[in-house]
Amino acid sequence: MSKDESGFAEFFQESWDPCVRAVAASTGDLLLAEEQVAEAFARAWTAWRKVSRHPAPRAWIVRTALNAGASWWRRRSRELPLDGHDVAAPSKGAAGLDTALLAAVRRLPGRQREVVVLRVFLDLDVEATARELGIAPGTVRAHLSRAVAALRSELAHANPTEADHVPH
Amino acid sequence: MSRTDPMTDSPELRELQEAMSGVAMPVRPPLEAITTRGRSHRRRRLSAVAGASVAGAAAGTALILGLTGLLGHAGVPKEVKTASFMIVSHANGTDTLTINPSELLNPSQLEGDLAQYGIPAEVTTGSICTSDPAPAGFAQVVSSSPAGPGTATPTSGAQPTITIDPSAIPAGTELSIGDFQLSSGPNAGEQQADFVLIDASSYTCSSTPPSSGILPSGYGPDDGIGLLYGGQSGS
């Protein structure tokens, strides 16, 4: 096995789980995420010389997978609503992905969801996320703050505390 | 780094991380399945008719890259759409790549999709990657109409069209595409896209937009193409 091939093999072995996790969190569909990420790794293999030099190869995989998924859905003319965010409604059997928190992540605007996924699941810091998305670090922080606020609000509505029901 | 990090201060994001850590991931497929799939992509790419065209856009309209190829085959996307660009395969055998200048370009995704059409590219926003010396052969890879390669004219007048021939890209080189939002100078407020060749094993990237002639330093009129689009015509 050449050095290039072993490098890809190692990257594939170490990155499969976190990349599928990131894509599944974004789409809510574990089976689709598996297909999308496999497609992304196949593309990465054909362009490994370039992808290996990318500052964040896992981010390349995740973003390629998410975009492959968007076109996959359009080709298949699925009936599931995309909700204007290029995210499919979760399929049945996506065990563990149907929590209120993950549903709230899927309802985030596309850019906020992208920032959250890169930060939370790929451990990219603000600077790396900014470089990956081609935006300013301050903009990354703004997206992240808005996303956190949105998630907090959604969770509060989904899980009202007793204080919300104090009779007056 | 000492600045406040919303990540570490947010229980919601920590909970999200924990929630997904408890979900069993699908078993990783064998490496051979991935490489076999990749080889089939390569075969489809190599069978496509080489050629692509790029058109500079006037104010408020999109930059068009036209890709000529035998697309629409099984497994090749008929349409890829993101906020910043779209690739559409047409029934007449041509394919268009539309870049939306009002959205931030998605460099890594555009690179990946260009790669599917046999165009190795380094796409950057807010910077341009160059090599010293500039690789030869740009004129065989990229041609333009009506003015030919070199400095592009501002947004008024006929839209320039650029054609990219993937089969003519010299070994060891890649197409470098640098996209800038200009904030100063005579073209402030406009968007600038530069196309040059780079040595894939030796290049540097600069965040300084090329100034005079719209091409990077070290690149002559036959070594690249610069486009101005968006903003206000005649400004």
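In which sense do strand 6 and strand 11 of chain B pair, and over how many bridges? The close-ups below take that up first, then move on to chain A and the salt bridges.

This is a predicted model, in which local features need pLDDT of at least 70, side-chain atom pairs count only at pLDDT 80 or more, and totals for chains, interfaces and linings use all residues. Residues are numbered from 1 along each chain as its sequence is written, chains are lettered from A and ligands numbered from 1 in the order in which they are written, and side-chain values use heavy atoms, with hydrogens and water left out.

**View 1. Strand 11 of chain B and its two partners.** Strand 6 (residues 121–125) pairs with strand 11 in the parallel sense over 5 bridges; pairing takes at least two DSSP bridges between the strands. Here B:E122 stands opposite B:S176. Strand 12 (residues 191–199) pairs with strand 11 in the antiparallel sense, over 9 bridges, and B:I177 faces B:F195 as its opposite number. Strand 11 (residues 173–181) has 8 of its 9 residues buried, so it is largely enclosed by the rest of the structure. Buried means under 20% relative accessible area, exposed over 50%, and partly exposed in between (1.4 Å probe, protein chains only). Helices (H or I, at least four residues) and strands (E, at least two) are DSSP runs, numbered from the N terminus.

**View 2. Chain A, built from helices.** Chain A has 8 helices and 0 strands. Of its 168 residues, 54% count as buried. Helix 5 (residues 100–107) is mostly covered, with 6 of its 8 residues buried; A:R106 is on that buried list, along with A:L101, A:L102, A:A103, A:A104 and A:V105.

**View 3. The largest nonpolar core.** A nonpolar core is a set of buried Ala, Val, Leu, Ile, Met, Phe, Trp, Tyr and Cys residues joined through side-chain atoms within 4.5 Å. This one holds 58 residues, and A:V37, A:F41 and A:I61 touch the most other members. Helix 1 (residues 3–27) of chain A gives the most to it, with 10 residues. Apart from this core lies another, of 17 residues, including B:F138, B:L175, B:A193 and B:I225. Back at A:I61, and leaving aside neighbours within four places in sequence, the contacts (heavy atoms within 4.5 Å) are A:F11, A:C19, A:V37, A:A40, A:F41 and A:A44.

**View 4. A salt bridge along helix 2 of chain A.** A salt bridge puts a side-chain nitrogen of Lys or Arg within 4 Å of a carboxyl oxygen of Asp or Glu. The side chains of A:R43 and A:E39 meet in one at 2.9 Å, N to O. The two are 4 residues apart in helix 2 (residues 30–46), so about one helical turn separates them. A:R43 is buried at 8% relative accessible area, and A:E39 is buried too, at 10%. Both belong to a salt-bridge network that also links A:E35 and B:R37.

**View 5. Salt bridges between chains and between helices.** A:K50 and B:E174 form a salt bridge, with their closest N and O atoms 3.3 Å apart. This pair crosses between chains, from helix 3 (residues 48–51) of chain A to strand 11 of chain B. A:K50 is buried at 13%, and B:E174 is buried at 1%. Within chain A, A:E114 bridges to A:R63 at 3.0 Å between the closest N and O atoms. A:E114 lies in helix 6 (residues 110–122) and A:R63 in helix 4 (residues 57–76), so the pair ties together parts that are 51 residues apart in sequence.
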